[in-house]
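Let's walk through this model together, starting from the space inside the protein and working outwards. Keep the structure open beside the text as you read.

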Amino acid sequence: MAEKALVLGGGGVTGVAWEIGILTGLADSGIDMSDADLVVGTSVGALNAWAIAGGCPPDELIRQWSSPAAAAFLQFRMPPLPWRGFFDYKSFSHHIQELYSAFPPRSPCGVVMTDLLRRRPRLVQSADIRWEHLAAACAIPAGVRPVRVDGRLYVDGGLLNAVPLWAAKEMGAARVVVVNVLPRLQSRAVRMAVGAVRSLSPRAPEAGDLEVVTIAPSAPLGSLMESVRWDRDAVVRWIERGAEDARRAMAEQSGRDPAQPVLQ
């Protein structure tokens, strides 16, 4: 059994930045999650999971997601065509392909996506992961068109499971650090829609007996619109918030000051 796993959830641009801050704050507290035995991600957490498993340090993730080039990740399509997704798939997939090529995994990595028609989660691991799996794992329903992989259509893995603990268990984890960006969805309409999909889907796989530590935001991170629109100042702010939340979570045990800034 693997001793330690890191499980990363979704949350759009907001989530990917906040997760990076969490990793930085944990490192400040003497906890280096880059040495986790395995990393699992869904939704945009799949992108961070892939990079971490590929040995990407938090400072490099900060550089990548605070760069203006990150604006291409979710770029609004003009004119908007709801049946094809509100975001431009070409720029979305190009951004993911670049990240995929840059960080081939050095440690076990799992990516969870949702089979759209069967409404079932699918776990893809390490050597079997292609850039299309990463794209499918964070293909926000209605935002990004479904991604066809192996003849089936897939969408955001967070649609059925915000944090897929079952996948970490299946990969052999015994102890898990969960980074849950969205313990509660920002929009009531989205909560209702996601709840309806989950109620009509097969029962989620069981995680079984795991030792779990969960880190969640101390306060809501922003609106739904903010989570899909890149803004450097906002990204920096969310990274800082993540670092503060991580240090605050560790402060009770370590006595460290959670107010120390990460970015200058």
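A good place to begin is with the residues Leu23, Ala27, Ile31, Asp32, Met33, Ser34, Ile52, Cys56, Pro57, Pro58 and Leu61, which line the largest cavity. The elements that each contribute two or more residues to this lining are α1 (12–28) and α3 (58–66). Bear in mind as you look around that the model is predicted.

How much space does the largest cavity hold? Its volume is about 80 Å³. A search of the whole structure for cavities of 30 Å³ or more finds one. As for the character of its walls, the lining of the largest cavity has nine nonpolar residues, one polar residue and one charged residue.

Now let's turn to the pockets. The largest pocket has a volume of about 790 Å³. To find this pocket on your screen, look for Ile140, Pro141, Leu185, Val190 and Leu224, which lie nearest its centre among the 33 residues of the lining. Three elements give two or more residues each to the lining of the largest pocket: β4 (85–87), α7 (188–199) and α8. Which of the elements supplies the largest share of this lining? That is α7, with five residues. Sorted by class, the lining of the largest pocket consists of 20 nonpolar, ten polar and three charged residues.

The second largest pocket comes next, with about 270 Å³ of space. Its lining is made of 14 residues, and those nearest the centre are Ile31, Val177, Val213, Ile215 and Met250. Here the elements with two or more lining residues are β9 (175–179), β10 (211–215) and α9 (232–254). With four residues, β10 provides the largest share of the lining of the second largest pocket. By class, this lining divides into nine nonpolar, two polar and three charged residues. You may recognise one name here: Ile31 is one of the residues nearest the centre of the second largest pocket, and Ile31 is also listed in the lining of the largest cavity.

Let's move to the surface. Phe76, Phe86 and Met225 make a nonpolar surface patch of about 260 Å². Met225 sits in helix α8, which covers residues 224–227. Is Met225 buried or partly exposed? With a relative accessible area of 43%, Met225 is partly exposed, because its value falls between the 20% limit for buried residues and the 50% limit for exposed ones. The helix that holds Met225, α8, is also among the elements that give two or more residues to the lining of the largest pocket.

Finally, the backbone has two places that deserve a look. Most residues other than glycine have a negative phi. Against that background, Ser43 has a positive phi, near 55°. Ser43 belongs to the loop between β2 (38–42) and α2 (45–53). Its relative accessibility is 6%, so Ser43 counts as buried.

The second place is Arg119, where phi is also positive and near 55°. Where does Arg119 lie? You will find Arg119 in the loop between β5 (109–115) and β6 (120–125). Its relative accessibility is 33%, so Arg119 counts as partly exposed. Viewed side by side, then, these two loop residues are buried in the case of Ser43 and partly exposed in the case of Arg119.

Key
Residues numbered from 1 in each chain as written. Predicted model: local features only at pLDDT ≥ 70, side-chain atom pairs only at ≥ 80, totals over all residues. Heavy atoms only, no water. 1 Å grid on protein atoms, 1.4 Å probe; cavity = no way out; pocket = protein on both sides within 12 Å on 5 of 7 lines; lining within 4 Å. Points joined across faces, edges and corners; volume = space filled by probe spheres on them. Nonpolar A, V, L, I, M, F, W, Y, C, P; charged D, E, K, R; others polar. Patch = residues over 30% accessible without salt bridge, like charges linked within 9 Å, V, L, I, M, F, W, Y side chains within 5 Å. Areas by Shrake-Rupley, 256 points an atom, 1.4 Å probe, with all protein chains shown as cover. Salt bridge = Lys/Arg side-chain N within 4 Å of Asp/Glu carboxyl O. Buried < 20%, exposed > 50% of the residue type's maximum accessible area, 1.4 Å probe, protein only.
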